[in-house]
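Subject: Structure for you to look at, with notes

Dear colleague,

Please find below the structure that I promised to pass on to you. My notes follow it, and I would be glad if you read them with the model open beside you.

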Amino acid sequence: MIKTAQQELASHVQALEKAERNGNTHEAAQISHRIGMLHQKRGDYNHALAYLQKALDAAGAVGDQELESRIYHHTGVAHQKRGDYDTAIDFHQKALCLNEKLRNLSGVSKSYNQMGIVHKNRGDYDWALEYFYQSLHIAEHIQDREMVSTCYQNIGIIHQKKGDYEKALDLSHKALDIKQTSDDFHGLLRIYGQIGLLHKLRGDNIRAIEFTRKALEIAEKTDDQAGISRSYNQMGIIHQNRGEISKALDYYQQALETAEAIGDIPEVSNCYQNIGLVYQFKGSAEKAIGYYQKALEIAEKIGDKAGIAQSHNYLGVVYQNRGNHGKALECYQKSLKIAKKIGDIARVSMNYHQLGIVHQDGGDYDNALAYYEKALEISRKVGDIAGVASSVCMVGKVMQIKKNYVDAYLKYLTALDIFEKLGSPNVNVVHAYITGLTNEMGLDDFNSLIENIRDQA
């Protein structure tokens with residue numbers, strides 16, 4: 001497949017040279033557009049933009065507005081992939097205006113969808129939903145099944161961002177049912193990757209790997225460099241969740257190299273964050289902070305609100321681990337404020353959890369418990385099993401500090417059961433807490449506690 005794609009590209013380049021020699025401007029515009037799309041599908045956005053501009057100049061010269069609208073559309077997509085969201089919106093608006101003028105409902109639907117994607121990437125989830133539903137309404141009206149599938153998936157992504165994983169999975173599978181009857185391999189890749197991500201978020205690493213591998217196989221067969229980068233990144237996250245740090249770092253490095261080569265700026269930012277997480281896990285705080293700062297700079301530059309919230313959250317964890325609770329609190333509050341504003345409920349939960357730890361470390365146990373309970377409420381609501389286990393475990397830690405040993409032990413057991421089912425390395429953390437509880441109580445009293453619990457069961 002890779003060789004075929006390269007041969008197709010070479011064939012188009014030869015055809016373009018011939019059209020330009022013969023002075024056939026309209027044909028040159030069409031071929032340049034096709035070459036630009038081929039580069040875009042492979043994730044090579046720099047070359048894509050060069051050929052799309054060549055196509056736009058030629059289409060404008062011959063007055064082909066229908067072709068111009070399609071070039072505007074793909075140029076907007078290329079810019080949004082590079083993280084240049086303001087320019088992307090400008091081109092999608094131009095495409096929308098032309099499509100409305102030409103009464104091209106299919107084109108109007110696509111423009112609304114792309115504008116929704118840009119707003120989604122910037123963390124404007126309510127705006128994004130509005131555009132996606134406008135796109136879906138038109139696609140259903142004209143019976144454009146491919147576009148309906150795309151809208152289902154994109155609406156599902158917003159529900160994922162808002163923490164409703166069940167709704168997101170339902171919509172993703174609806175999109176998959178439609179897409180499997182087509183030959184849109186690029187669209188199928190995106191859906192497999194999304195379903196893999198959702199399973200990862202729910203703590204099901206086995207199914208997450210299954211769907212992510214399906215996405216990676218398609219990306220490699222079709223030479224979709226952007227898809228390869230995202231799949232590598234996701235595989236890294238899954239392996240990191242399983243405690244396989246070396247494998248995770250290897251995948252992140254491959255993802256970063258690919259993203260940098262094709263100019264996929266938002267994905268570069270994601271890679272920086274994930275590499276930072278690895279170094280944080282390994283205890284290299286300075287390296288972790290360096291990568292998080294790089295990710296934050298990109299997120300601020302491209303207006304990625306969700307990325308800004310995530311970077312502040314990660315920085316907070318590093319400062320907290322170094323004992324700088326004031327700086328950690330500042331980072332968490334910044335992250336929480338943005339996450340609430342854009343409706344990123346999963347990130348809200350993470351910040352509540354971390355704020356609980358800050359207050360616990362400061363000896364404010366009542367506020368710590370209040371934050372843990374807020375985090376627990378959200379984690380249960382969205383089906384974040386790993387998040388539930390983490391917060392339950394920390395509630396147990398506070399109970400132990402308060403000398404409420406029965407509740408502490410029961411909380412530890414609940415967390416341990418969840419982490420064992422997920423295959424999480426946090427199993428070791430809980431075992432360490434239980435060992436600490438045993439030492440604090442003394443072996444005889446600890447055994448008596450267990451016997452009392454069994455008698456009451």
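Helix H6 covers residues 105-121, and because a helix should rise 1.5 Å a residue, its 17 residues should span 24 Å, which agrees with the 24 Å between its end C-alpha atoms. Helices here are DSSP runs of H or I with at least four residues, numbered from the N terminus, and the expected span is 1.5 Å times one less than the number of residues. Of the 17 residues in H6, 14 are buried, so that the helix is mostly covered; buried means under 20% relative accessible area, exposed means over 50%, and partly exposed lies in between, with a 1.4 Å probe and protein chains only. Just after H6, Gly123 takes a positive phi of about 85 degrees.

Before going further, please keep in mind that this is a predicted model, in which local features need pLDDT of at least 70 and side-chain atom pairs count only at pLDDT 80 or more, while totals for chains, interfaces and linings use all residues. Residues are numbered from 1 along each chain as its sequence is written, and side-chain values use heavy atoms, with hydrogens and water left out.

Helix H5 (residues 85-101) can be checked by the rule of 1.5 Å a residue, and its 17 residues should span 24 Å, in agreement with end C-alpha atoms that are 24 Å apart. Among the buried residues of H5 are Tyr85, Ile89, Phe91, His92, Leu96 and Asn99. The elements that cover the buried residues of H5 include helix H3 (45-62), helix H4 (65-81), H6, helix H14 (265-281) and H15, where contact means heavy atoms within 4.5 Å. Just after H5, Arg103 takes a positive phi of about 55 degrees.

Turning to the interior, the largest nonpolar core has 91 residues, and those with the most contacts inside it are Tyr152, Tyr192, Tyr272, Ile275, Tyr292, Leu315 and Tyr352. Helix H15 (residues 285-302) gives the most to this core, with 9 residues. A second, separate core of 31 residues includes Met394, Tyr409, Val427 and Leu449; by nonpolar core I mean a set of buried Ala, Val, Leu, Ile, Met, Phe, Trp, Tyr and Cys residues joined through side-chain atoms within 4.5 Å. If neighbours within four places in sequence are left aside, Ile275 is in contact with Leu249, Tyr252, Gln253, Leu256 and Tyr291.

A polar residue that may interest you is Gln310, which lies in helix H16 (residues 305-321) and counts as buried because its relative accessibility is 17%. The side chain of Gln310 makes a polar contact with that of Gln273 at 2.3 Å, a polar contact being a pair of N or O atoms within 3.5 Å, of which, within protein, one must be able to donate a hydrogen and the other to accept it, and for which residues adjacent in sequence count only if both atoms are side-chain atoms. Not counting residues up to four places away in sequence, Gln310 touches Gln273 and Arg347.

As for charged pairs, there are 16 salt bridges, each defined as a side-chain nitrogen of Lys or Arg within 4 Å of a carboxyl oxygen of Asp or Glu. Lys179 forms one with Glu146, the closest N and O atoms being 2.9 Å apart, and this pair links distant parts of the chain, since Lys179 is in helix H9 (residues 165-179) and Glu146 is in helix H8 (residues 145-161), 33 residues apart. Lys179 is buried at 2% relative accessibility, whereas Glu146 is partly exposed at 29%. Glu146, Lys179 and Asp184 are linked in a network of salt bridges.

Two other salt bridges lie within single helices. Arg207 pairs with Glu210 at 3.9 Å between the closest N and O atoms, and because they are 3 residues apart in helix H11 (residues 205-221), about one helical turn separates them. Lys334 pairs with Glu330 at 3.4 Å between the closest N and O atoms, both residues lying in helix H17 (residues 325-342), 4 residues apart.

Finally, the structure holds 0 disulfides, a disulfide being a pair of cysteine sulfur atoms within 2.5 Å. Cys271 is buried at 0% relative accessible area, and Cys393 is buried at 4%.

With best wishes
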